[in-house]
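Thanks for making the time this morning. I would like to walk through the charged pairs and then the aromatic pairs of one protein, so please keep the display in view while I talk.

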Amino acid sequence: MTSDGGGGGGGGGRVDAAKRYIAGFAAGISTVVVGHPFDTVKVKLQAYNTRTQKREYKNALHCTAQILSKEGVRGLYKGASPSFIGMAFESSLLFGFYSQTKQLLQGELQSSNRPQLQVIIPSAAYGGALISLILCPAELVKCRMQVQGINNGPLDCALKTVKNEGIKGIFRGGKATLLRESIGNSVFFSTYEFSRHYIHLQLNSNSSEVSYGSNLFIDVGIGIMTGGLSGIAYWSAVLPFDVAKTVIQTTPDVHSSRNPFWTLHSIYRRVGFRGCYAGLGPTLVRAFPANAAAIVTWELAAKILGLKHGL
């Protein structure tokens with residue numbers, strides 16, 4: 001992802017920024033469509049397989065089979081409504097904040113085509129920290145619907161949470177979400193920027209006749225590879241924080257600790273190191289196609305909207 005440069009004046013810059021938010025919104029929707037069933041399995045494994053030494057589900061396939069036998073295909077999309085809302089706005093704001101902050105920080109480095117970690121990491125961390133404020137309540141509702149089998153809808157779940165736990169209850173797991181999003185997106189965008197940069201370098205050095213940047217199929221292929229790899233890198237780095245978030249948000253005890261590090265320590269004492277990576281299988285299986293879909297959608301939407309470059 002390379003910079004668009006100045007954007008042709010203030011008005012043009014604002015239009016380009018709006019287009020990035022729109023493209024990010026589309027990317028968020030595609031992420032949920034592709035990834036939500038895997039997410040449901042991941043959340044159930046995290047919620048039930050971290051409580052005692054005896055595991056509720058043998059593995060991800062067993063968990064999936066149990067969901068399908070008891071709830072059907074709809075069970076895999078339980079909690080999808082708040083996830084659609086949360087992911088669409090989260091993705092829109094993340095891509096928008098990241099690209100704008102990156103342009104602001106680049107300054108004299110703007111002419112360089114090589115990705116700059118000193119620009120990518122703070123831009124991604126800033127974007128991740130901001131969107132965690134939206135993701136936390138959306139994911140709390142989603143996780144409770146997935147784990148507890150709530151069928152009355154996300155609004156009813158949110159209202160009951162506020163009634164029983166106060167306004168702070170809807171932001172339960174906020175610290176874990178903040179850590180996951182700020183660290184995870186720094187890893188995600190670093191992986192994406194560098195992998196995309198080096199793939200294009202290899203393609204350009206292997207041919208002087210074919211314009212790979214304008215070839216739709218090659219662009220889609222690059223988007224699939226870079227998005228998928230970035231998603232795997234993201235979750236490999238921050239899955240323990242996600243486990244802590246799920247446990248904090250779904251525990252019946254409203255007085256339990258909200259400290260993600262204490263929660264992880266407690267999980268480690270109960271079930272060992274594997275508990276801190278509960279749901280790793282479906283998470284990584286989901287990470288590649290869901291994030292590949294997000295990046296491909298983002299890049300195609302950006303191209304349709306007339307953005308010369310991605311982020």
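Before I name any residue, let me fix one word: I will call a residue buried when its relative accessible area is under 20%, exposed when that area is over 50%, and partly exposed in between. Please also keep in mind that what you see is a predicted model.

Let me begin with the salt bridges, of which a search of the whole structure finds 13. One of them joins D39 to K42, with the closest N and O atoms 3.1 Å apart, and both residues belong to helix α1, which covers residues 9–48, where they sit three residues apart, about one turn of the helix. Are these two partners buried or exposed? D39 has a relative accessible area of 7%, and therefore counts as buried, while K42, at 4%, is buried as well.

A second bridge, between K160 and D156, also lies within one helix, in this case α6, residues 154–165, with the partners four residues apart, again about one turn. Here the closest N and O atoms are 3.5 Å apart. The setting is partly exposed at both ends, because K160 has a relative accessible area of 44% and D156 has one of 25%.

The third example is R172 with E165, where the closest N and O atoms are 3.3 Å apart, and both of these residues are buried. Looking beyond single pairs, salt bridges that share partners join D39, K42, E139, K142, R180, E181, D242 and K245 into one network, so the D39 and K42 that I described as buried reappear there.

Let me turn now to the aromatic residues, where the structure holds 11 pairs. In the pair of Y21 and F97 the ring centres are 6.3 Å apart and the planes stand at 90 degrees, which is why the pair is called edge-to-face. This pair links distant parts of the chain, since Y21 lies in helix α1 and F97 in helix α4, residues 80–106, with their positions 76 residues apart. F97 is partly exposed, its relative accessible area being 22%.

The rings of F273 and Y277 have their centres 5.4 Å apart, and because their planes meet at 45 degrees the pair counts as tilted. F273 is exposed, with a relative accessible area of 55%, whereas Y277, at 25%, is partly exposed.

Finally, I would point you to one aromatic cluster, formed by F95, Y98, F188, F189 and W298.

Methods:
Residues numbered from 1 in each chain as written. Predicted model: local features only at pLDDT ≥ 70, side-chain atom pairs only at ≥ 80, totals over all residues. Heavy atoms only, no water. Salt bridge = Lys/Arg side-chain N within 4 Å of Asp/Glu carboxyl O. Helix = DSSP H or I, 4+ residues; strand = E, 2+ residues; numbered from the N terminus. Buried < 20%, exposed > 50% of the residue type's maximum accessible area, 1.4 Å probe, protein only. Phe/Tyr/Trp six-rings, centres within 6.5 Å; stacked < 30°, edge-to-face > 60°.
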